[in-house]
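Reader: I am new to this structure and would like a close look at a single part of it. Please set that part in the context of the whole chain.

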Amino acid sequence: MPSPLPSALSDGVDKRETLRGLRRALRKVRASGRLSDHEKDLVLRLRVSRERIAEEAGSLEACAQCAASYPLPASTWAGGYCCSGRTEALFDEIELAALGGASTRPRHLRPPPSPAAGCIFRGARGCSLPPVHRPNKCLRYLCVDAQRELHARGGLDLVEALCRDNEHQFEQLARVRLARLEASFCEELARRVF
Ligand code: SF4
């Protein structure tokens, strides 16, 4: 059984409440109408893309010590400085649509049992979520040190190309989803008026 989540936290983030809100938002996005075939295709491609980026980037030394010299709460953990933002900003509506349209369900969003230090999924051993359940932006983001390390390994060009592809698909998803929601809103309005 997982340890209970602490509710009073060092940086003022109520982890339990944030998690509840995030799971609620995921349910809401999943309930916002049937996906078009184009959306289904895009969410599945994005899921594959997230796994592929993680696989090609591999484990990076740069991510293990980058937060150590920052003030608390970012330096609660030595690594993962880029994960010290707000959870709600990372999991925006389109990210939730991409995750929920593929395979992510509320039960998959499980944080580590430690105090929050930014994003509630950040912990001593990095992100508690597997890449398929992480926001796309988390996979795409490469700080300068991570870029240098990948370059030294000879893998930067491929990872950057995969990230560009992911971003392109993500932007398409945002457009296609908005068009479907607008069309369904207009249909609903017309039904009520006429
Ligand atoms: S979801 Fe994971 S990778 Fe993304 S910001 Fe949170 S801890 Fe970092």
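Is helix 5 (residues 93–101) largely enclosed by the rest of the structure or not, and why?

Author: This is a predicted model, and helix 5 is largely enclosed by the rest of the structure because seven of its nine residues are buried. Those buried residues are Glu95, Leu96, Ala97, Ala98, Leu99, Gly100 and Gly101. They pack against four other helices: helix 1 (15–30), helix 2 (37–57), helix 6 (136–140) and helix 8 (156–193).

For context, the protein chain has eight helices and two strands. Read from the N terminus, the order is α-α-α-α-α-β-β-α-α-α. The C-alpha atoms fill a box of roughly 65 × 45 × 30 Å along the principal axes. Of the 194 residues in the chain, 31% are buried. Among contacts with a separation of 6 or more, 78% join residues 24 or more positions apart.

A residue from another helix serves as a contrast. Asp145 lies in helix 7 (residues 144–153). Asp145 is partly exposed, because 15 other C-beta atoms lie within 10 Å, whereas a buried residue needs 20 or more. Leaving out residues up to four places away in sequence, Asp145 touches Ala62 and Cys66. From Leu99, one of the buried residues of helix 5, Asp145 is 46 residues away in sequence and 28 Å away in space, C-alpha to C-alpha.

Next come the nonpolar cores. The largest has 14 residues, and Ala67 and Tyr81 have the most contacts inside it. Beyond its neighbours within four places in sequence, Ala67 is in contact with eight residues, including Ala74, Trp77, Ala78, Tyr81 and Ser84. Another core, of 12 residues, lies apart from the largest one, and Val43, Leu46, Phe91 and Phe170 are among its members.

The model also holds a ligand. Around the ligand are Cys83, Leu90, Cys119, Phe121, Arg122, Cys127, Leu129, Arg134, Pro135 and Cys138. By class, this shell has eight nonpolar and two charged residues, with no polar ones.

Last, the confidence of the prediction. The mean pLDDT of the protein chain is 92, and 94% of its residues reach 70 or more. Over residues 1–10, however, the pLDDT is below 50, although this stretch has 21 contacts in the model beyond near neighbours in sequence.

Technical notes: Residues are numbered from 1 along each chain as its sequence is written. This is a predicted model: local features need pLDDT of at least 70, side-chain atom pairs count only at pLDDT 80 or more; totals for chains, interfaces and linings use all residues. A nonpolar core is a set of buried Ala, Val, Leu, Ile, Met, Phe, Trp, Tyr and Cys residues joined through C-beta atoms within 7 Å. Two residues are in contact if their C-beta atoms, placed from the backbone, lie within 7 Å. pLDDT is the predictor's confidence in each residue, from 0 to 100. A residue is near a molecule or strand if its C-beta atom, placed from the backbone, lies within 6 Å of it. Ala, Val, Leu, Ile, Met, Phe, Trp, Tyr, Cys and Pro count as nonpolar, Asp, Glu, Lys and Arg as charged, and the others, Gly among them, as polar.
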